[in-house]
Amino acid sequence: MSSSRRHFLSLTAAAGSMAAIGCSPAPRLSSPAPAGAAAGPGGGQPPAPAAPAAPQPTAPSGKKTLLVLGGTGFLGPAVVEAAKARGYTITLFNRGKTRPHLFPDIEKLHGDRDPDKGDGLKALAGRAWDAVIDNSGYVPRIVKASSELLAPNVKQYVFISSLSVYATHTTPGADEAAPVATMADPTVETMGKEFENYGPLKALCEQAAEAAMPGRVTRVRPGFIVGPGDPTDRFTYWPVRVEKGGEVLAPGTPLDPVQIIDVRDLAEWLVTVVETRTTGIFNATGPGEPLAMGGLLDACKAAAGSGASARFTWVSAKFLEKPGGEPVDLPIWAPAEGETRAFHLRSADRARKAGLTFRPLQDTVNDTLAWWKTLPPERQAKPRAGLSPERETELLRAWRAQPRKAGKLPQ
């Protein structure tokens, strides 16, 4: 397996794996398209295929009850806050181990997603809710158990999946009809040494929920979920690094596409699909208009303020593939070529038609940086993603040492 393939599998697994743990249009912060390029998310790529029509939502009626499987990681708390703001009666089901102090005023049921461990799902037996949001399902057997148990007493099952379910990421504008990844042995329950099973397992989880509750499942496939509270530091790395100033290693080119979704926007929309009882399959990624890596870094520089001294040195994807035989941790970004050339060009038209909206990118960047500064110094001293200062310096030095051609560094 090539180093770029390993990096990609790790990247796509990370795109959704931490989900458990009236908006105005976003300003144009993306880098301009090349001269003569057609407008659109591909920056000159062919137009995206037509998205399937979104299901017709039904009118909401009365106060609703909501069960959240998980609820104390990253996406879960945002969902709880969004649902609380709309007057929902909420119940959390989890093991009670991750941040148990959260939401003392909300009903909490304890157990295990795995029915073979401890009391399993017994706390859910005989209970009824209008909807359940499952943001902690990774193994089809376990999702099957919860969806089958809840099927008689729950009207809608919202399963948080991932864009990693897709078999390939090479077609710009591909929508929900694209083929999903499969596994030779669907009974395997491990992610695999290189996370190669993450996407196929998520696809099988989707199918397990649909089999248990046909026509009542909402399959949501987010890309990178970002914003305040993100425990992975993937997106956070960029505004924090840019604010420090100096020479910043910027991956690929300024035009490499990026797709992200603010955790608060995703959470608000999840509550909306419950209110409207919208079912089906949806890619859930943003921002509100095409974004490129150059635009993202510009937003980070704006967040740093007028004294920002960051200078971006763009290092080619080819160089970053295997410098010195070691992987390069440049979170969020994916090479806009080869197996990942369209990873950040997935169509989310269907979700937008079903009410998904986005806050301005600058708000996400500003709020993420502000949140980071509230963390204890010992936490800030140990970022969980991105390059260390030493590694960044080493790579920049190696990049500048590359042979020059016609006065330019190789691209």
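# A guided tour, beginning at phenylalanine 195

Select phenylalanine 195 first: this residue is partly exposed, with a relative accessible area of 38%. Follow the chain on either side of phenylalanine 195 and you will see that it sits in the loop between β5 (154-160) and α4 (198-212). Its backbone deserves a look as well, since phenylalanine 195 has a positive phi of about 65° although it is not a glycine. Keep in mind throughout the tour that what you have open is a predicted model.

**The whole chain**

Now zoom out and show the protein as a cartoon, in which 12 helices and 11 strands can be found. If you colour the 411 residues by burial, the buried ones make up 53% of them. With the surface switched on, the protein exposes about 17,700 Å², and carbon and sulfur atoms supply 54% of that area.

**The sheet**

Next, select the strands of the open sheet, where 7 strands lie in the order β3-β2-β1-β4-β5-β6-β10 with parallel pairing. At its edges you will find β3 (107-110) and β10, each of which pairs on one side only. As you step across the sheet, the twist from one strand to the next averages 20°. It helps to remember here that strands of a sheet pair through backbone hydrogen bonds, either parallel or antiparallel.

For a closer view of one pairing, select β6 (residues 217-222) together with β10, which pair in the parallel sense over 5 bridges. Which residue of β10 is the bridge partner of valine 220? Phenylalanine 282 takes that place, and you can display both residues to see them paired.

Helix α2 (residues 75-85) comes next, and this helix packs on the sheet, touching β1 (65-69), β2 (89-94), β4 (129-134) and β5. Compare the direction of α2 with that of β2, and the angle between the two is about 165°. Then move to helix α6 (residues 263-275), which lies across β4, β5, β6 and β10 and runs at about 155° to β5.

**A loop with two buried residues**

Go on to isoleucine 332, whose place is in the loop between α8 (317-321) and α9 (349-353). Is isoleucine 332 buried or exposed? At 1% relative accessibility it counts as buried, because the cut-off for buried is under 20%. Its phi is near 75°, a positive value in a residue other than glycine.

In the loop between α8 and α9 you can also select histidine 344, which counts as buried at 5% relative accessibility. Show its surroundings, leaving aside neighbours within four places in sequence, and the residues in contact with histidine 344 are Phe224, Pro257, Val258, Gln259, Ile332, Trp333 and Ala334. One distance is worth displaying here: a polar atom of the histidine 344 side chain lies 2.9 Å from the backbone nitrogen of glutamine 259.

**A cis peptide bond**

Move now to proline 287, which is placed in the loop between β10 (280-284) and α7 (293-304). A cis peptide bond joins glycine 286 and proline 287, with omega at about 5°.

**The cysteines**

For the last stop, select cysteine 205, which is buried with a relative accessible area of 0%, and then cysteine 300, which is also buried, with a relative accessible area of 0%. A disulfide is a covalent bond between the sulfur atoms of two cysteines. How many disulfides does the structure hold? The number is 0, and a search of the model for such a bond will end there.

Note on methods: Residues numbered from 1 in each chain as written. Predicted model: local features only at pLDDT ≥ 70, side-chain atom pairs only at ≥ 80, totals over all residues. Heavy atoms only, no water. Helix = DSSP H or I, 4+ residues; strand = E, 2+ residues; numbered from the N terminus. Buried < 20%, exposed > 50% of the residue type's maximum accessible area, 1.4 Å probe, protein only. Areas by Shrake-Rupley, 256 points an atom, 1.4 Å probe, with all protein chains shown as cover. Polar contact = N/O pair within 3.5 Å; in protein donor to acceptor, adjacent residues only side chain to side chain. Contact = heavy atoms within 4.5 Å. Pairing = 2+ DSSP bridges. Axes fitted to C-alpha atoms, helices over the stretch in contact; angles between N-to-C directions. Disulfide = S-S within 2.5 Å.
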